[in-house]
Amino acid sequence: MKLKKYCLLAFIAFVANFSFAQEGIPIYSDYLTDNYYLIHPSMAGVANCAKIRLTARQQWFGVDNAPSLQTISANGRIGDSPVAIGGVFFNDSNGYHSTVGGQLTFAYHLMFSRNEIDLNMLSFGLSAGFLQYKLDETEFLAPGEFDQAIAGIEQSATNFNIDFGFSYQFVNFFAHFTAKNILNNEGINFNNQGFEFDNLRTYLFSTGYTFSKYGSEWSYEPSIMYMYRDATEESSIDINAKVYKEMDFGKVWGGLSYRRSLDGAEFVDGSGVSSQKLQYITPFLGVDYNQFVFAYTYSYQANTVNFNTGGFHQITLGYNFNCRRKKYECNCPAIN
């Protein structure tokens, strides 16, 4: 009975955590692998090429039903107009929980440049999409066993929401702001456990600058990203350093990202209570070979208390097409 009670409490806590965690595409560090559009809709069509990106992320190799994520995205300009469109489809699974979703994006890029050489652009983006949540309870109970808190079936719920954001690019400087899941939705309440919520809003702010000496093949890009979740009042910050080297076949790039939560979680440590803040250290490496892109990302959770010491592995594959000539004289890898 005690074991069953503890399992039930763990299940309820997991459902509550699931409710707040499953709010769309998880925000990892894959945006640093030439994929800012995943988190900022205003980045759709900002580059001189249309882009297709595939990502696959696997957590904790060797652990059954470990978290995994797959995304496919595409975005590009409509001809030579300032209008751009994009789309994302993703599948995020975590144990018995999963989320499938998709969104379509409309973006508009407003130029303030005096000519085509100087980059001075303000972009707006709006994404609308759906999220379908699933909870598979078919293996929670043994044959013939009954528990009123467990339905023993696969349950699902669907939400519709929108994201809005803007980006500003000025020569080598960039800044992005996005409000995700703006709409309030009907609460998700599997098994009538009372874990309802309707606020999934998350705010993201990114900024950075790309440095390079005149005529050098090397360029350096420090950047930061701040994330705030409205419902739980949690926040975190990414501190990133990225380097590029021009090659005959394209470009080689890589870097390091450090994510730290600004809110601590308390846990029992011996006879006392301690607190720790979530920390991720993420190195990444990528290659642009002609019109193809390949990148690998590894994230290590640097915390005293964690579920598994294994890391997070992610691969990004990309293809650029319908490329126009490079207009701007700037160190702006996301544009040129």
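How many bridges join S6 to strand S7? The answer is seven, and the two strands run antiparallel. I should say at once that the model before you is predicted.

Let me stay with this pair of strands for a moment. Strand S7 covers residues 173-180. Within the pairing, Ser 167 has His 176 in S7 as its bridge partner. Two residues lie between the strands of this hairpin, and Val 171 there adopts a positive phi near 50°.

Strand S6 also has a partner on the other side of our discussion, namely strand S5. S5 spans residues 120-136 and S6 spans residues 154-170, and 17 bridges connect them in the antiparallel sense. As one example, Tyr 168 in S6 stands opposite Leu 122.

Let us now consider the whole chain. It contains 14 strands and one helix. Of its 336 residues, 46% are buried. Among contacts with a separation of 6 or more, 57% are between residues 24 or more positions apart.

I turn next to the surface. The accessible surface of the chain is about 17,200 Å², and carbon and sulfur atoms account for 60% of that. A nonpolar patch on the surface has about 1,100 Å² of accessible area, and its members include Phe 89, Phe 130 and Tyr 289. Strands S1, S13 and S14 each contribute at least two residues to this patch.

One member of the patch is Ile 52, which is found in strand S1. Why can Ile 52 be called partly exposed? Its relative accessible area is 33%, and partly exposed residues lie between the limits of 20% and 50%.

Definitions and conventions: Residues are numbered from 1 along each chain as its sequence is written. This is a predicted model: local features need pLDDT of at least 70, side-chain atom pairs count only at pLDDT 80 or more; totals for chains, interfaces and linings use all residues. Side-chain values use heavy atoms; hydrogens and water are left out. Patches are made of residues with over 30% relative accessible area and no salt bridge: like charges are joined within 9 Å, nonpolar side chains (Val, Leu, Ile, Met, Phe, Trp, Tyr) within 5 Å. Accessible areas come from the Shrake-Rupley method with a 1.4 Å probe; for residues, only the protein chains shown count as cover. A salt bridge is a side-chain nitrogen of Lys or Arg within 4 Å of a carboxyl oxygen of Asp or Glu. Helices (H or I, at least four residues) and strands (E, at least two) are DSSP runs, numbered from the N terminus. Buried means under 20% relative accessible area, exposed over 50%, partly exposed in between (1.4 Å probe, protein chains only). Contact means heavy atoms within 4.5 Å. Two strands pair if DSSP finds at least two bridges between them.
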